Amino acid sequence: MRTTDESIVLGLHRSGHSRDLLEAASDLGIRRIDTASNYLRHRSHETLKNTAGNLLPNFSVSTKVGFFPEGHSLDPARLRIAVEQAVRDLGHEPDLVFLHNPEHSTSDAGTLGPACAALADTARAGLCRSWGVSTWDPRPLVNLDVPRPDVLMVRAGLLVGADVLEAAEALVTRWRPSQVWGMSPFGGSTAQEVWGRFDPGVFLRGSASVTKVQAAFRSSYVLPRVDTVAVGTDNVAHLRELAEALAHEVDMNVVQEYRQLLKSRQLA
Ligand SMILES: NC(=O)c1ccc[n+]([C@@H]2O[C@H](COP(=O)([O-])OP(=O)(O)OC[C@H]3O[C@@H](n4cnc5c(N)ncnc54)[C@H](OP(=O)(O)O)[C@@H]3O)[C@@H](O)[C@H]2O)c1
């Protein structure tokens, strides 16, 4: 099945960056890949250029800056240098650059604002097409104002707790990004014990033929509501299974009930 839309982002966080995988993703119609300057032990960008440079024009490439070999930093000058380095290592300007987990270094607007402004400047200077913020834990950021990002990326899916879901939704309201991306729909692994304990098929309408992985993946698009989801796999059959999940419909009544359960558990 080809997904010629942009509903799936192939995330490279845990990936070996093989050319075969990117060829298969391209054949499946997947149009977005997501990496970061620190993925693959800080060698993701140059590895992508070396192994799949001529495939990269098939994709919209997003990356992230903020984690350096010496640690995390939101220093505007360092962020700018990191974007310039990404352009050199990838061999072309990325389509999107995220500020990577800013909550690591700040919960104050005096630091976050200039860091975001530095990324907005790189987009204005043509070093990337657009910029955004990717946050694993948005809770420390909910009261902070920043320049309006093009994209906000947040955790998505059935393993995200009520507090993180609410914080992500609060940020969407406050920052008004043009797009919201979800990430890590399986919380990093489908082998976790939790996935054996229930059947996510209940979240879909008419789910007889759906696999558990497909149901969990499809549900992640509404927990919270996102435009696309960054998911990781190094397995072409798994990627195809994910692409096929998009044909299924989520039962929003079940999602609402689930949100209420999460909320009551949080309050208990
Ligand atoms: N703070 C941030 O900015 C941040 C943090 C985390 C993630 N992300 C983004 O989100 C992307 C995805 O996150 P993630 O890789 O941590 O977690 P994930 O997508 O929740 O889980 C990836 C795992 O799911 C397995 N999987 C995928 N499809 C499967 C299938 N059909 N059947 C069985 N197993 C399947 C993969 O194993 P196989 O390889 O065996 O298929 C892989 O180990 C990252 O690459 C990155 O782009 C961003």
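The following legends describe close-up views of a predicted model.

**Figure 1. The largest pocket of the predicted model.** This pocket holds about 710 Å³ of space. Its lining is made up of 32 residues, and those closest to the centre of the pocket are His13, Arg14, Ser184, Gly188 and Gly232. Two of the elements involved are β10 (228–232) and α8 (236–245), each of which supplies at least two residues of the lining. When the lining residues are sorted by class, twelve are nonpolar, 15 are polar and five are charged.

**Figure 2. The second largest pocket and the elements around it.** The space in this pocket comes to about 210 Å³. Of the 15 residues in its lining, Ser37, His42, Ala82, Gln85 and Asp89 are the closest to the centre. Three elements give two or more residues each to this lining: α3, β4 (67–68) and α4. Which of the elements gives the most to the lining of the second largest pocket? That element is α4, with six residues. By class, the lining contains six nonpolar, five polar and four charged residues.

**Figure 3. The largest cavity and its lining.** Rolling a probe the size of a water molecule over the atoms shows where empty space is left. The count comes to one cavity of 30 Å³ or more. The largest cavity contains about 30 Å³ of space. The residues that line this cavity are Trp136, Arg155, Ala156, Leu159, Val160, Ser184, Pro185 and Gly187. Five of the lining residues are nonpolar, two are polar and one is charged. Ser184 lines the largest cavity and is also listed among the residues closest to the centre of the largest pocket.

**Figure 4. The packing of helix α3 against helix α4.** Helix α3 spans residues 44–52, and helix α4 spans residues 76–90. Their axes lie 7 Å apart and form an angle of about 20°. Angles under 35 degrees count as roughly parallel, and α3 and α4 are therefore roughly parallel to each other. Their crossing is right-handed. In this contact, α3 contributes His45, Glu46, Leu48 and Lys49, while α4 contributes Ala86, Arg88, Asp89 and Leu90. These contact residues divide into four charged, three nonpolar and one polar. Asp89 of α4, which takes part in this contact, is also one of the residues closest to the centre of the second largest pocket.

**Figure 5. The packing of helix α4 against helix α5.** Helix α5 covers residues 109–124, and its axis comes within 9 Å of the axis of α4. The two axes cross at roughly 30°, which makes α4 roughly parallel to α5. The crossing of α4 with α5 is right-handed. On the side of α4, the contact involves Pro76, Leu79, Arg80 and Val83. On the side of α5, the residues are Pro114, Ala115, Ala118, Leu119, Asp121 and Thr122. By class, the contact of α4 with α5 has seven nonpolar, two charged and one polar residue.

**Figure 6. The packing of helix α6 against helix α9.** Helix α6 is formed by residues 162–175 and helix α9 by residues 252–267. Are α6 and α9 roughly parallel or roughly perpendicular to each other? The axes are 9 Å apart, and the angle between the helices is about 115°. Angles of 65 to 115 degrees count as roughly perpendicular, and α6 and α9 therefore belong to that group. Ala162, Asp163, Leu165, Glu166 and Glu169 of α6 meet Arg259, Leu262, Lys263 and Gln266 of α9. The residues of this contact comprise five charged, three nonpolar and one polar.

**Figure 7. Backbone details in two loops.** A cis peptide bond joins Leu223 and Pro224, with an omega of about -5°. Pro224 is placed in the loop between α7 (212–219) and β10. The strand β10 that follows this loop also supplies at least two residues to the lining of the largest pocket. The other view shows His17, which is found in the loop between β1 (8–11) and α1 (19–27). What is the phi of His17? The value is positive, about 60°, although His17 is not a glycine.

Key. Residues numbered from 1 in each chain as written. Predicted model: local features only at pLDDT ≥ 70, side-chain atom pairs only at ≥ 80, totals over all residues. Heavy atoms only, no water. 1 Å grid on protein atoms, 1.4 Å probe; cavity = no way out; pocket = protein on both sides within 12 Å on 5 of 7 lines; lining within 4 Å. Points joined across faces, edges and corners; volume = space filled by probe spheres on them. Nonpolar A, V, L, I, M, F, W, Y, C, P; charged D, E, K, R; others polar. Axes fitted to C-alpha atoms, helices over the stretch in contact; angles between N-to-C directions. Helix = DSSP H or I, 4+ residues; strand = E, 2+ residues; numbered from the N terminus. Parallel < 35°, antiparallel > 145°, perpendicular 65-115°, else oblique. Left-handed = near helix turned anticlockwise from the far one by under 90°. Contact = heavy atoms within 4.5 Å.
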